[in-house]
Amino acid sequence: MATTHPASVAPASALEDLKIAATWAVLAGLSAAALIPYVAQLMPEVFAKVPLPLGVIAAAQGAQAMAVAGVLAWLGLRMGHRVGLGSPVMHAWLVRRQRPDWARLQPARAALLGIAAALAILALAPLIDRAMPPMLQPPATASAGATALNGFLASFYGGIVEELILRLFLMTLLLWIVARLCGRTPPAWAYWAAIVAAALLFGAGHLPAAAQIWGLEPVVVLRTLLLNGIAGVAFGWLYWKRGIEMAMLAHFSADLVLHVAAPLLAPGSAP
(Lines give C-alpha, C1' and ligand atoms only; values in the text may rest on other atoms or scores of the structure.)
Protein backbone atom coordinates (compact mmCIF):
# COMPACT_ATOMS: atom_id res chain seq x y z
CA MET A 1 0.00 0.00 0.00
CA ALA A 2 1.36 3.43 -0.91
CA THR A 3 2.56 5.67 1.87
CA THR A 4 2.56 9.45 1.97
CA HIS A 5 6.02 10.81 2.73
CA PRO A 6 7.21 14.23 3.84
CA ALA A 7 9.05 15.93 0.97
CA SER A 8 12.34 15.67 2.85
CA VAL A 9 12.02 11.90 3.33
CA ALA A 10 10.86 11.05 -0.18
CA PRO A 11 11.45 7.54 -1.51
CA ALA A 12 14.92 6.96 -2.93
CA SER A 13 16.55 4.17 -4.88
CA ALA A 14 18.59 1.50 -3.17
CA LEU A 15 21.76 3.10 -4.57
CA GLU A 16 20.80 6.54 -3.26
CA ASP A 17 20.11 5.07 0.16
CA LEU A 18 23.45 3.27 -0.03
CA LYS A 19 25.18 6.61 -0.59
CA ILE A 20 23.55 8.02 2.54
CA ALA A 21 24.28 4.87 4.55
CA ALA A 22 27.94 4.88 3.46
CA THR A 23 28.30 8.46 4.66
CA TRP A 24 26.82 7.54 8.03
CA ALA A 25 29.07 4.47 8.15
CA VAL A 26 32.22 6.57 7.85
CA LEU A 27 31.02 8.98 10.53
CA ALA A 28 30.04 6.04 12.74
CA GLY A 29 33.49 4.50 12.39
CA LEU A 30 35.23 7.72 13.35
CA SER A 31 32.93 8.29 16.32
CA ALA A 32 33.41 4.71 17.56
CA ALA A 33 37.18 5.14 17.47
CA ALA A 34 36.86 8.41 19.38
CA LEU A 35 34.84 6.63 22.10
CA ILE A 36 37.74 4.46 23.31
CA PRO A 37 39.44 6.98 25.67
CA TYR A 38 36.12 7.49 27.48
CA VAL A 39 35.51 3.75 27.85
CA ALA A 40 39.09 3.23 29.01
CA GLN A 41 38.54 5.80 31.76
CA LEU A 42 35.17 4.26 32.66
CA MET A 43 36.47 0.68 32.87
CA PRO A 44 40.22 0.86 33.55
CA GLU A 45 40.52 -2.68 34.92
CA VAL A 46 39.06 -4.16 31.76
CA PHE A 47 41.43 -2.25 29.50
CA ALA A 48 44.38 -3.11 31.73
CA LYS A 49 43.88 -6.76 30.75
CA VAL A 50 43.91 -6.04 27.00
CA PRO A 51 47.47 -6.41 25.64
CA LEU A 52 46.97 -3.89 22.83
CA PRO A 53 47.62 -0.14 22.52
CA LEU A 54 44.55 2.10 22.68
CA GLY A 55 45.18 3.17 19.09
CA VAL A 56 44.85 -0.39 17.83
CA ILE A 57 41.71 -0.95 19.88
CA ALA A 58 40.23 2.30 18.57
CA ALA A 59 40.99 1.37 14.95
CA ALA A 60 39.40 -2.06 15.36
CA GLN A 61 36.36 -0.60 17.09
CA GLY A 62 36.00 1.99 14.34
CA ALA A 63 36.20 -0.59 11.56
CA GLN A 64 33.61 -2.80 13.24
CA ALA A 65 31.23 0.10 13.85
CA MET A 66 31.62 1.27 10.26
CA ALA A 67 30.57 -2.11 8.92
CA VAL A 68 27.70 -2.74 11.34
CA ALA A 69 26.28 0.80 11.36
CA GLY A 70 26.54 1.05 7.58
CA VAL A 71 24.48 -2.10 6.98
CA LEU A 72 21.89 -1.21 9.63
CA ALA A 73 21.62 2.35 8.36
CA TRP A 74 20.95 1.14 4.82
CA LEU A 75 18.30 -1.31 6.03
CA GLY A 76 16.72 1.43 8.15
CA LEU A 77 16.59 3.80 5.20
CA ARG A 78 15.02 1.18 2.96
CA MET A 79 12.36 0.26 5.51
CA GLY A 80 11.81 3.91 6.44
CA HIS A 81 10.24 4.73 3.09
CA ARG A 82 7.31 2.50 4.05
CA VAL A 83 6.65 4.30 7.35
CA GLY A 84 7.71 7.89 6.58
CA LEU A 85 10.99 7.82 8.51
CA GLY A 86 14.49 8.58 7.32
CA SER A 87 17.45 10.90 7.03
CA PRO A 88 16.07 14.14 5.57
CA VAL A 89 19.23 16.25 5.86
CA MET A 90 21.48 13.69 4.17
CA HIS A 91 18.71 13.04 1.63
CA ALA A 92 18.63 16.72 0.76
CA TRP A 93 22.40 17.05 0.54
CA LEU A 94 23.35 13.80 -1.18
CA VAL A 95 20.27 12.91 -3.24
CA ARG A 96 18.37 16.09 -4.01
CA ARG A 97 21.47 18.32 -3.95
CA GLN A 98 19.63 21.13 -2.22
CA ARG A 99 19.37 22.92 1.08
CA PRO A 100 17.48 20.99 3.81
CA ASP A 101 14.19 22.42 5.02
CA TRP A 102 15.60 23.87 8.24
CA ALA A 103 12.35 25.73 8.98
CA ARG A 104 10.55 22.39 9.31
CA LEU A 105 13.41 20.52 10.98
CA GLN A 106 13.99 23.22 13.65
CA PRO A 107 17.50 22.18 14.73
CA ALA A 108 17.68 24.76 17.54
CA ARG A 109 14.60 23.26 19.19
CA ALA A 110 16.01 19.76 18.78
CA ALA A 111 19.19 20.82 20.58
CA LEU A 112 17.17 22.47 23.34
CA LEU A 113 15.08 19.32 23.79
CA GLY A 114 18.27 17.31 24.19
CA ILE A 115 19.58 19.77 26.77
CA ALA A 116 16.25 19.63 28.63
CA ALA A 117 16.43 15.81 28.70
CA ALA A 118 19.95 15.99 30.12
CA LEU A 119 18.91 18.46 32.82
CA ALA A 120 16.02 16.16 33.76
CA ILE A 121 18.50 13.30 34.12
CA LEU A 122 20.82 15.40 36.27
CA ALA A 123 17.88 16.36 38.48
CA LEU A 124 16.65 12.79 38.94
CA ALA A 125 20.01 11.04 39.31
CA PRO A 126 20.79 12.30 42.85
CA LEU A 127 17.41 11.05 44.07
CA ILE A 128 18.13 7.54 42.83
CA ASP A 129 21.81 7.62 43.74
CA ARG A 130 20.94 7.68 47.44
CA ALA A 131 19.95 4.04 47.10
CA MET A 132 22.83 3.01 44.83
CA PRO A 133 25.36 0.45 46.10
CA PRO A 134 29.04 1.39 46.47
CA MET A 135 31.04 1.31 43.25
CA LEU A 136 32.77 -2.02 42.72
CA GLN A 137 35.12 -0.65 40.08
CA PRO A 138 35.20 3.16 40.11
CA PRO A 139 36.20 4.98 36.91
CA ALA A 140 39.86 5.90 36.61
CA THR A 141 40.80 9.16 38.30
CA ALA A 142 41.36 11.99 35.83
CA SER A 143 41.28 15.76 35.85
CA ALA A 144 38.01 17.51 35.12
CA GLY A 145 39.44 18.71 31.82
CA ALA A 146 40.54 15.23 30.71
CA THR A 147 37.20 13.75 31.75
CA ALA A 148 35.35 16.47 29.82
CA LEU A 149 37.54 15.92 26.75
CA ASN A 150 36.91 12.18 26.81
CA GLY A 151 33.22 12.91 27.29
CA PHE A 152 33.22 15.27 24.32
CA LEU A 153 34.77 12.62 22.09
CA ALA A 154 32.29 10.03 23.37
CA SER A 155 29.36 12.33 22.58
CA PHE A 156 29.86 11.72 18.87
CA TYR A 157 29.37 7.99 19.41
CA GLY A 158 26.12 8.52 21.26
CA GLY A 159 24.84 11.05 18.76
CA ILE A 160 25.72 9.03 15.67
CA VAL A 161 26.17 5.30 16.29
CA GLU A 162 23.52 4.83 18.97
CA GLU A 163 20.96 6.78 16.94
CA LEU A 164 21.71 4.83 13.77
CA ILE A 165 21.22 1.53 15.59
CA LEU A 166 18.41 2.34 18.02
CA ARG A 167 16.34 4.79 16.02
CA LEU A 168 17.13 4.58 12.30
CA PHE A 169 17.28 0.78 12.32
CA LEU A 170 15.48 -0.67 15.34
CA MET A 171 12.62 1.79 15.71
CA THR A 172 12.06 1.75 11.94
CA LEU A 173 12.12 -2.05 11.92
CA LEU A 174 9.41 -2.26 14.57
CA LEU A 175 7.18 0.12 12.63
CA TRP A 176 7.92 -1.58 9.32
CA ILE A 177 6.76 -4.88 10.85
CA VAL A 178 3.52 -3.23 11.99
CA ALA A 179 3.03 -1.72 8.53
CA ARG A 180 3.53 -5.11 6.89
CA LEU A 181 1.07 -6.77 9.26
CA CYS A 182 -1.55 -4.02 8.94
CA GLY A 183 -1.04 -3.33 5.25
CA ARG A 184 -1.01 0.41 5.86
CA THR A 185 0.92 3.19 7.57
CA PRO A 186 1.04 2.43 11.33
CA PRO A 187 -1.24 4.47 13.61
CA ALA A 188 0.21 6.99 16.06
CA TRP A 189 0.13 4.54 18.98
CA ALA A 190 2.47 2.23 17.08
CA TYR A 191 5.02 5.02 16.72
CA TRP A 192 4.81 5.70 20.45
CA ALA A 193 5.18 2.00 21.22
CA ALA A 194 8.26 1.82 18.98
CA ILE A 195 9.67 4.95 20.63
CA VAL A 196 9.30 3.45 24.11
CA ALA A 197 10.64 0.05 23.05
CA ALA A 198 13.71 1.61 21.46
CA ALA A 199 14.20 3.83 24.53
CA LEU A 200 14.13 0.83 26.86
CA LEU A 201 16.61 -1.04 24.70
CA PHE A 202 18.71 2.12 24.62
CA GLY A 203 18.81 2.01 28.39
CA ALA A 204 19.50 -1.73 28.41
CA GLY A 205 22.47 -1.13 26.17
CA HIS A 206 24.09 0.83 29.01
CA LEU A 207 23.65 -1.98 31.55
CA PRO A 208 27.00 -3.72 30.87
CA ALA A 209 28.92 -0.53 31.73
CA ALA A 210 26.73 0.10 34.78
CA ALA A 211 27.18 -3.50 35.95
CA GLN A 212 30.94 -3.15 35.59
CA ILE A 213 30.90 -0.15 37.94
CA TRP A 214 28.16 -0.99 40.47
CA GLY A 215 27.15 -4.59 39.86
CA LEU A 216 23.74 -5.52 38.52
CA GLU A 217 21.46 -4.87 41.48
CA PRO A 218 17.79 -3.90 40.89
CA VAL A 219 18.39 -0.23 41.70
CA VAL A 220 21.25 -0.14 39.19
CA VAL A 221 18.96 -1.56 36.51
CA LEU A 222 16.22 0.93 37.44
CA ARG A 223 18.61 3.88 37.34
CA THR A 224 20.06 2.85 33.99
CA LEU A 225 16.73 2.16 32.28
CA LEU A 226 14.96 5.21 33.69
CA LEU A 227 17.60 7.85 33.11
CA ASN A 228 18.52 6.65 29.65
CA GLY A 229 14.89 5.98 28.81
CA ILE A 230 13.93 9.61 29.44
CA ALA A 231 16.40 10.75 26.83
CA GLY A 232 15.53 7.88 24.50
CA VAL A 233 11.87 8.90 24.34
CA ALA A 234 12.84 12.46 23.42
CA PHE A 235 15.21 11.25 20.71
CA GLY A 236 12.63 8.82 19.33
CA TRP A 237 9.99 11.53 19.11
CA LEU A 238 12.38 13.76 17.19
CA TYR A 239 13.21 10.94 14.80
CA TRP A 240 9.52 10.39 14.15
CA LYS A 241 8.69 14.02 13.60
CA ARG A 242 11.88 15.52 12.13
CA GLY A 243 14.24 12.78 11.01
CA ILE A 244 17.33 11.03 12.30
CA GLU A 245 19.58 14.10 12.15
CA MET A 246 17.48 16.00 14.66
CA ALA A 247 17.49 12.98 16.97
CA MET A 248 21.27 12.90 16.62
CA LEU A 249 21.56 16.60 17.36
CA ALA A 250 19.43 16.24 20.50
CA HIS A 251 21.46 13.22 21.63
CA PHE A 252 24.75 15.02 21.04
CA SER A 253 23.50 18.10 22.90
CA ALA A 254 22.37 15.98 25.85
CA ASP A 255 25.74 14.22 25.99
CA LEU A 256 27.57 17.55 25.97
CA VAL A 257 25.67 18.49 29.11
CA LEU A 258 26.13 15.10 30.80
CA HIS A 259 29.68 14.28 29.77
CA VAL A 260 31.31 17.67 29.24
CA ALA A 261 29.53 20.37 31.24
CA ALA A 262 28.74 18.19 34.26
CA PRO A 263 32.32 16.96 34.83
CA LEU A 264 33.60 20.53 34.57
CA LEU A 265 31.01 21.93 36.95
CA ALA A 266 30.86 18.96 39.34
CA PRO A 267 34.14 16.96 39.16
CA GLY A 268 33.82 13.41 40.43
CA SER A 269 30.11 13.10 39.67
CA ALA A 270 28.83 9.61 38.87
CA PRO A 271 28.89 8.62 35.18
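Analyst: Let's start with a term we will need: a helix here is a DSSP run of H or I with at least four residues, and helices are numbered from the N terminus. Keep in mind that this is a predicted model.

User: Thanks! Where does Q106 lie?

Analyst: Q106 lies in the loop between helix 5 and helix 6, and helix 6 covers 107–129. Its phi is positive, about 50°, although Q106 is not a glycine.

User: Which other residue has a positive phi although it is not a glycine?

Analyst: That is R97, with a phi of about 55°. R97 is found in the loop between helix 4 (88–96) and helix 5 (102–105).

User: How do I read accessibility for these two? Is R97 buried or exposed?

Analyst: Under 20% relative accessible area is buried, over 50% is exposed, and in between is partly exposed. R97 has 63% relative accessibility, so R97 counts as exposed. Q106 has 25%, so Q106 counts as partly exposed.

User: Good, I can use that. What about T224, buried or exposed?

Analyst: T224 has a relative accessible area of 5%, so T224 is buried. You can find T224 in helix 10, which spans residues 218–242.

User: What does the side chain of T224 reach?

Analyst: The side chain of T224 reaches the backbone oxygen of V220, at 2.8 Å.

User: Now the rings, please. How many aromatic pairs are there?

Analyst: Rings of Phe, Tyr and Trp pair if their centres lie within 6.5 Å. By this rule, the count is seven aromatic pairs. One of them joins F152 and F156: their ring centres are 5.2 Å apart with planes at 85°, so this pair is edge-to-face. F152 and F156 are four residues apart in helix 7, so about one helical turn separates them.

User: How exposed are F152 and F156?

Analyst: F152 is partly exposed, with a relative accessible area of 34%. F156 is partly exposed too, with 30%. Now follow F156 to its pair with F252: the ring centres are 4.9 Å apart and the planes are at 45°, so the pair is tilted. F156 lies in helix 7 and F252 in helix 11, so this pair ties together parts that are 96 residues apart in sequence.

User: Which residues form one aromatic cluster?

Analyst: F152, F156 and F252 do.

User: Which charged end sits over a ring?

Analyst: Look at R167: its charged end sits over the ring of F202, 5.1 Å from the ring centre. You can also look at K241, which lies over the face of W240 at 4.0 Å from the ring centre.

User: Let's try pockets. What volume does the second largest pocket have?

Analyst: Its volume is about 150 Å³. Helix 7 (144–182) and helix 11 (244–265) are the elements that give two or more residues to its lining.

User: Which residues line the second largest pocket?

Analyst: They are W24, S155, F156, G159, I160, E245, M248, L249 and F252. You have already met F156 and F252 as members of the aromatic cluster. By class, the lining has six nonpolar, two polar and one charged residues.

User: Last topic: how do I compare distance along the chain with distance in space? How far apart are L170 and A197?

Analyst: L170 and A197 are 27 residues apart along the chain, and their C-alpha atoms are separated by 9.1 Å. L170 is found in helix 7. With 17% relative accessibility, L170 counts as buried.

User: And how far apart are A73 and L216?

Analyst: Those two are 143 residues apart in sequence and 31 Å apart in space, C-alpha to C-alpha. A73 lies in helix 3, residues 54–83. Its relative accessible area is 0%, so A73 is buried.

Note on methods: Residues numbered from 1 in each chain as written. Predicted model: local features only at pLDDT ≥ 70, side-chain atom pairs only at ≥ 80, totals over all residues. Heavy atoms only, no water. 1 Å grid on protein atoms, 1.4 Å probe; cavity = no way out; pocket = protein on both sides within 12 Å on 5 of 7 lines; lining within 4 Å. Points joined across faces, edges and corners; volume = space filled by probe spheres on them. Nonpolar A, V, L, I, M, F, W, Y, C, P; charged D, E, K, R; others polar. Phe/Tyr/Trp six-rings, centres within 6.5 Å; stacked < 30°, edge-to-face > 60°. Buried < 20%, exposed > 50% of the residue type's maximum accessible area, 1.4 Å probe, protein only. Lys NZ or Arg CZ within 6 Å of the ring centre and 35° of its normal. Polar contact = N/O pair within 3.5 Å; in protein donor to acceptor, adjacent residues only side chain to side chain.
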